[in-house]
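User: I would like to learn how to read a binding site in a protein model, beginning with the empty space and then turning to what surrounds it. Could you take me through it step by step?

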Amino acid sequence: AEPGDGPVQIWFIRHAESELNVDTIAHDARDEGVTYPLTRTGVLQATALAEATANVPVTTIYTSTRIRAIQTADALAFKHGLNVKLAPEAAEIDLGIPLDSPDWRQLYRGLATRWVIDKDLAARIGEGESFADVQRRFLPFVRELMNRHADDTGVVVVVSHGATLGLLVPVLAPNVPGDLSLRRPLSNTSIIKTELRDGKLFCIEWAGLASGEFGE
Ligand SMILES: O=C(O)[C@@H](CO)OP(=O)(O)O
């Protein structure tokens with residue numbers, strides 16, 4: 001069904017390219033609040049996202065409180081004449097990996113594998129969050145939003161991050177394999193489209209991939 005015809009849809013969107021996503025930019029500040037804004041490429045991506053979704057019946061926009069997410073959400077908000085609702089629960093996972101580590105990707109993959117393949121919810125790196133920690137903050141936020149919008153039509157948008165969305169949406173939408181983000185990483189401004197069916201989230205599309213193509 002087209003968004004607007006059927007039950008409410010929740011679209012989880014990864015923010016546009018930020019300074020954190022460019023290896024040639026120093027990542028010596030903590031990832032918090034305003035430390036990593038969008039790059040110029042990111043600004044153009046956010047504008048393109050807003051154009052591409054101009055005719056989507058967006059009713060509400062929630063955003064992580066990192067500036068890269070807020071900027072992306074704002075691009076949508078300005079286009080749709082909406083305000084944004086701040087959701088600190090949707091901020092990026094504190095992975096415990098130094099942001100400028102040359103082994104960042106490999107360490108991330110290792111940790112994500114322990115979480116979603118080995119089901120070791122307590123695994124963590126240093127002072128970083130465990131999968132149980134992240135679930136404790138993100139899942140109730142989304143479940144509350146599902147309740148709040150259960151009788152709506154149209155599209156509710158949640159702007160968040162690669163690791164948070166990639167690893168947590170599969171926990172909420174049972175038709176998504178837990179390791180899908182390891183095989184199909186979310187690039188900047190990727191959209192995960194879900195729909196509320198019988199009180200549960202059903203994923204209809206993952207970054208352009210239709211639900212029949214998720215694999216095992
Ligand atoms: O750097 C990244 O690739 C991820 C992981 O922290 O973050 P974000 O989706 O916020 O860019």
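Analyst: Please keep in mind that this is a predicted model. Rolling a probe the size of a water molecule over the atoms shows where empty space is left. In this structure, the space taken by the ligand is the largest pocket, and about 1,200 Å³ of space lies in that pocket.

User: How many residues line the largest pocket, and which lie nearest its centre?

Analyst: The lining of the largest pocket is made up of 40 residues, and those nearest its centre are Leu-20, Glu-92, Leu-95, Trp-104 and Tyr-108. Two or more lining residues come from each of the elements α3 (104–116), α5 (162–172) and α6 (180–183), with α3 giving the most, namely four residues. Sorted by class, the lining has 15 nonpolar, ten polar and 15 charged residues.

User: Which residues surround the ligand itself?

Analyst: Around the ligand are Arg-14, His-15, Asn-21, Arg-68, Glu-92, Trp-104, His-161 and Gly-162. By class, this shell has one nonpolar, four polar and three charged residues.

User: Which polar atoms of Asn-21, Glu-92 and Gly-162 should I look at, side-chain or backbone?

Analyst: For Asn-21, a polar side-chain atom lies 2.7 Å from an oxygen atom of the ligand, and for Glu-92 a polar side-chain atom lies 2.9 Å from a ligand oxygen atom. With Gly-162, by contrast, a polar backbone atom is 2.6 Å from an oxygen atom of the ligand. The ligand on its own has 310 Å² of accessible area, of which the protein covers 87%.

Methods: Residues are numbered from 1 along each chain as its sequence is written. This is a predicted model: local features need pLDDT of at least 70, side-chain atom pairs count only at pLDDT 80 or more; totals for chains, interfaces and linings use all residues. Side-chain values use heavy atoms; hydrogens and water are left out. A residue is near a molecule or strand if one of its heavy atoms lies within 4 Å of it. A polar contact is a pair of N or O atoms within 3.5 Å; within protein, one must be able to donate a hydrogen and the other to accept it, and residues adjacent in sequence count only if both atoms are side-chain atoms. Accessible areas come from the Shrake-Rupley method with a 1.4 Å probe; for residues, only the protein chains shown count as cover. On a 1 Å grid over the protein atoms alone, a cavity is a set of points where a 1.4 Å probe fits but cannot get out, and a pocket is an open set with protein on both sides within 12 Å along at least five of seven lines; lining residues have an atom within 4 Å of a point. A molecule sits in a cavity or pocket if more than half of its atoms lie within 2 Å of its grid points. Ala, Val, Leu, Ile, Met, Phe, Trp, Tyr, Cys and Pro count as nonpolar, Asp, Glu, Lys and Arg as charged, and the others, Gly among them, as polar. Grid points are joined across faces, edges and corners, and a volume is the space filled by probe spheres set on the points.
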